[in-house]
Amino acid sequence: ITFYSLKEIELKLKTPFCPLYPINGTASSQSDDGSSPQIVLQRPFVYFGQRYNSIYVNHNGHLTFTVPYSSWTPQAFPMHGSLDIIAPFWTDLDNRGNGFVYYNQYTNGIVLQQATQDINSYFPSINFNAEWVFVATWYEVAYFPMTGTRTTVQAVLISGGQHSFLLMNYGVIALTTRPVQAGYDTTHSVHHLTIPGSFSSSATGDNSTFSISSNVNVTGRWAFNINSRTRGCQYNGKYICKCFFIFYH
């Protein structure tokens, strides 16, 4: 397992600011369409009212809670299915040749401090204190079939008290013609969200909407309040009807 500091990641990605949380932890297998083993969470995570004690990090750019999910073909949200899914970058990825899929949990230390600071900055009306953080990183992973391209994205789950939050962080996104879905969906799509740029030519490459824009004025980062009472996306602690985004470049 290779450990990188935030400074090292910034230099590696050659960007003036890196939205990524630390890249370290357990490396999943190097396998096409694979998944991590079932990961027991050190704290339960409440996802739109559903309490989960475990999670799977799937190699094709998504997280699921009850079963591993190998699907490499992204589906547009809402799916109206039976799956709770978090998809920072759902497409056909392949980490056999290069790249790693990492996951880690934190219950103390600087990562919790950073998460607390971030959430209070984005949702100032809540007075939040992070108690648990889960970070999944698809680090310099290629598109299928072992194309040698390098794409880095993260999903960060944060909880504390009665609150749950989700960050999606984007580093360098390699160009591809493959479709990409970014966002989240829930069982029967009671709650769902699609980040603008999904299923479009602006999803990938140097000008990827995911990595050059934001809904919280932090380039390459998208933040969401996923409490059970949330009826859509939020910005600055306020409900934004039907998820109209405020873009920052």
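Which residue takes a positive phi in the hairpin of β2 and β3? That residue is F48, whose phi is near 50° in a hairpin with two residues between the strands. The structure is a predicted model, in which local features need pLDDT of at least 70 and side-chain atom pairs count only at pLDDT 80 or more, while totals for chains, interfaces and linings use all residues. Residues are numbered from 1 along each chain as its sequence is written, and side-chain values use heavy atoms, with hydrogens and water left out.

The overall picture comes first. The protein chain contains three helices and 15 strands; helices (H or I, at least four residues) and strands (E, at least two) are DSSP runs, numbered from the N terminus. Of the 249 residues in the protein chain, 57% are buried, where buried means under 20% relative accessible area, exposed means over 50%, and partly exposed lies in between (1.4 Å probe, protein chains only). The accessible surface of the protein chain is about 10700 Å², and carbon and sulfur atoms hold 52% of that surface. Accessible areas come from the Shrake-Rupley method with a 1.4 Å probe, and for residues only the protein chains shown count as cover. Contacts, defined by heavy atoms within 4.5 Å, often span the sequence: among those between residues at least 6 apart, 63% join residues at least 24 apart.

The hairpin of the opening question is built from strand β2 (residues 39-47) and strand β3 (residues 50-58), which pair in the antiparallel sense over five bridges. Two strands are taken to pair if DSSP finds at least two bridges between them. Within this pairing, Y52 of β3 is the bridge partner of F45. F45, F48 and Y52 also belong to one aromatic cluster, together with Y47, F65, W132, F134, Y184 and F224.

Strand β5 (residues 85-90) has six of its six residues buried, so this strand is largely enclosed by the rest of the structure. Strand β4 (residues 62-64) pairs with β5 in the antiparallel sense over two bridges, and β5 also pairs with strand β11 (residues 181-185), again antiparallel, over four bridges. The bridge partner of T64 in β5 is I85, and that of A87 in β11 is G183.

T64 itself sits in strand β4 and is buried, with a relative accessible area of 0%. Its side chain makes a polar contact of 3.0 Å with the side chain of N58. Polar contacts are pairs of N or O atoms within 3.5 Å; within protein, one atom must be able to donate a hydrogen and the other to accept it, and residues adjacent in sequence count only if both atoms are side-chain atoms. A polar atom of the T64 side chain also lies 2.6 Å from the backbone oxygen of V67. Leaving aside neighbours within four places in sequence, T64 is in contact with I55, Y56, N58, Y69, L83, D84 and I85.

What about the aromatic rings? Rings of Phe, Tyr and Trp (its six-membered ring) pair if their centres lie within 6.5 Å; planes under 30 degrees apart count as stacked, over 60 as edge-to-face and the rest as tilted. By this rule the count comes to 16 aromatic pairs. One of them joins F77 and W90, with ring centres 6.1 Å apart and planes at 40°, so the pair is tilted. This pair links distant parts of the chain, as F77 lies in the loop between β4 and β5 and W90 in strand β5, 13 residues apart. F77 is buried at 9% relative accessible area, and W90 is buried at 0%. F128 and F165 form an edge-to-face pair, 5.0 Å centre to centre and with 75° between the planes. Here too distant parts of the chain are linked, with F128 in the loop between α2 and β8 (132-143) and F165 in strand β10 (residues 163-170), 37 residues apart. F128 has a relative accessible area of 4% and is buried; F165 is buried at 0%.

S202 is located in the loop between β12 (192-194) and α3 (209-212). With 26% relative accessibility, S202 counts as partly exposed. The side chains of S202 and S200 make a polar contact of 2.8 Å. Beyond neighbours within four places in sequence, S202 is in contact with G197, N207, S208 and T209.
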